[in-house]
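Good morning, and thank you for making time for this item. I should like to take you through one structure, beginning with a term and ending with the overall dimensions.

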Amino acid sequence: SYSAANCNSPKTCTRCGQTAGNALGHNYVNNSCSRCGKIDPDSLPVKLNDLPLIDSSFGNGWHKYEYKNSSFTDSFGNVYDGAHCYLGVLNEGQYSTHNLNGKYSKFTGSIVAMPNTSTAGTYSISIYVDGVLKYSKPKFSKTTGKTNFSVSVKGGTTLTIKVCMDSGNGDLNMNVAVVNAQLTK
């Protein structure tokens, strides 16, 4: 008396546990299995901070890139689960370069100002794939609010985020962050 095979198990006798044949395996259509509804693990987003960091700007204690893996609050009081922070942004900018390894098709996230960011300046945020500019947001400031982006990274091997000062006095409180940064295949 066999029960039907499913994605994970072959036909199985309900009396003695004997099996026949093979499990059906998952049949992913539009990112979920048509038989059991399981989400295709390859369709789930990957957080940018889970990718290898190839290079980043560094300098003294306040002009640098760093990832904050704890709770992060932007200048409007919105809370995020971590943030890629570009601190003490000057004309030459702060940056981070991550290894895509050709595995992803889209990079999404949001740009926000940090709470201690000065209102005396504006910034340009640029996103490059293999050195080619794919997205630019000029004149971003503390008062701009959260700015969402979506960038095609299909076939790319590296992703670079660079933040430069457009205007301002270059004080230590020129701070921008990228939040909800994730990639999909």
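Before we look at individual strands, one definition is required: two strands are said to pair if DSSP finds at least two bridges between them. Please also keep in mind that this is a predicted model.

With that term in hand, consider strand β11, which spans residues 106-113. In β14, Ser110 has Asn148 as its bridge partner. That contact belongs to a set of six bridges joining β11 to β14, residues 147-152, and these two strands run antiparallel. Strand β11 is also joined to β16, residues 176-184, by seven bridges, again in an antiparallel arrangement. Here Val112 stands opposite Ala177 of β16.

How many of the eight residues of β11 are buried? Six are, and the strand is accordingly described as mostly covered. For this purpose, buried denotes under 20% relative accessible area.

Let me turn to another group of strands. Five of them form an open sheet, in the order β7-β10-β15-β12-β13, with antiparallel pairing. Why is one side of β7 and one side of β13 left without a neighbour in this sheet? Strands β7 (53-56) and β13 (132-140) stand at the edges and each has a single partner strand, so one side of each remains unaccompanied in the sheet. From one strand to the next, the twist averages 15 degrees.

Within this sheet, β10, residues 94-99, and β15, residues 158-167, run antiparallel and are joined by six bridges. As one pair in β10 and β15, I would point to His98, whose bridge partner in β15 is Leu159.

I now move to the protein as a whole. Its secondary structure comprises 16 strands and zero helices. Among contacts between residues at least 6 apart in sequence, 65% join residues at least 24 apart.

As for overall dimensions, the C-alpha atoms fill a box of roughly 80 × 35 × 25 Å along the principal axes. The radius of gyration is 23 Å, whereas a compact globule of 185 residues would have a value near 16 Å.

Finally, the surface. Buried residues account for 38% of the 185 residues. The protein exposes about 9,600 Å², and carbon and sulfur atoms supply 47% of that area.

To close, I would return to two points: β11 has bridges to β14 and to β16, while β7 and β13 stand at the edges of the five-stranded open sheet. Thank you for your attention.

Technical notes:
Residues numbered from 1 in each chain as written. Predicted model: local features only at pLDDT ≥ 70, side-chain atom pairs only at ≥ 80, totals over all residues. Heavy atoms only, no water. Helix = DSSP H or I, 4+ residues; strand = E, 2+ residues; numbered from the N terminus. Axes fitted to C-alpha atoms, helices over the stretch in contact; angles between N-to-C directions. Buried < 20%, exposed > 50% of the residue type's maximum accessible area, 1.4 Å probe, protein only. Rg over C-alpha atoms; globule rule 2.2 N^0.38 Å. Contact = heavy atoms within 4.5 Å. Areas by Shrake-Rupley, 256 points an atom, 1.4 Å probe, with all protein chains shown as cover.
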